[in-house]
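This report covers salt bridges and strand pairing in one protein chain. The sequence and the model are shown first.

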Amino acid sequence: VRLVESGGGSVQPGGSLTLSCVASGATSSGLTYDRGCMAWFRQAPRKREAVAAHDGSGDPIYADSVKGRFTVSRDNAKNALYLQMNSLKPEDAAMYYCAAAPWTCGRGWTADGGYPAWGEGTRVTVSS
């Protein structure tokens, strides 16, 4: 499965951005991804963090650092995952990656090793 992110950019603190991730090829190596977990991770210098996840059936999951500010949503018909980011802070600046797995999110959703498929990322810059 191929994941392509878009929507990154540069905003001032307090601003908003919406990231998109579109998946193509729902089946890869015999695994079906279209009902599995999709997540957003971010990579800043010296820190990689799971941000949010959605498996299309349960409630979305968020890291504590983004709760109340970020909203993850999913459109299964479009094979797409979105991340609405509001009230952005300088510490939100990072490269944001979309990841997908053929299984549901579960308690291990923050482990990047649990996602066989990754996009190439989209950069978010937050500065005044």
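In this predicted model, F41 stands opposite A50 of strand β7. The two strands concerned, β6 and β7, pair in the antiparallel sense over seven bridges. Their hairpin has two residues between the strands, and R46 takes a positive phi near 70 degrees there.

Strand β7, residues 47-54, is mostly covered, with six of its eight residues buried. Strand β7 also pairs with β8, again in the antiparallel sense, over two bridges. In that pairing A53 stands opposite I61 in β8. The hairpin of β7 and β8 has six residues between the strands, and G56 takes a positive phi near 85 degrees in this hairpin.

The salt bridges come next. The count is five, and the table lists three pairs, including their closest N to O distances.

| Pair | N to O distance | Burial |
|---|---|---|
| R42 and D92 | 2.9 Å | both buried |
| R69 and D92 | 2.7 Å | both buried |
| K67 and D64 | 3.1 Å | both exposed |

What does the salt bridge between R42 and D92 tie together? R42 lies in strand β6 (residues 38-44) and D92 in the loop between β10 (80-85) and β11 (94-100), so the pair ties together parts that are 50 residues apart in sequence. Both residues of this pair are buried, R42 as well as D92.

D92 also meets the side chain of R69 in a salt bridge, at 2.7 Å from N to O. This pair links distant parts of the chain, 23 residues apart: R69 sits in the loop between β8 (61-62) and β9 (70-75), and D92 in the loop between β10 and β11. R69 is buried, as is D92.

Which residues are joined into one network by salt bridges that share partners? They are R42, E49, R69 and D92.

The salt bridge of K67 with D64 has an N to O distance of 3.1 Å. Are the residues of this pair, K67 and D64, buried or exposed? Both K67 and D64 are exposed, whereas R42 and D92 are both buried.

The strand and salt-bridge descriptions meet at β6. This strand holds R42, which reaches D92 in the loop between β10 and β11, and β6 pairs with β7 in the antiparallel sense.

Conventions
Residues numbered from 1 in each chain as written. Predicted model: local features only at pLDDT ≥ 70, side-chain atom pairs only at ≥ 80, totals over all residues. Heavy atoms only, no water. Salt bridge = Lys/Arg side-chain N within 4 Å of Asp/Glu carboxyl O. Helix = DSSP H or I, 4+ residues; strand = E, 2+ residues; numbered from the N terminus. Buried < 20%, exposed > 50% of the residue type's maximum accessible area, 1.4 Å probe, protein only. Pairing = 2+ DSSP bridges.
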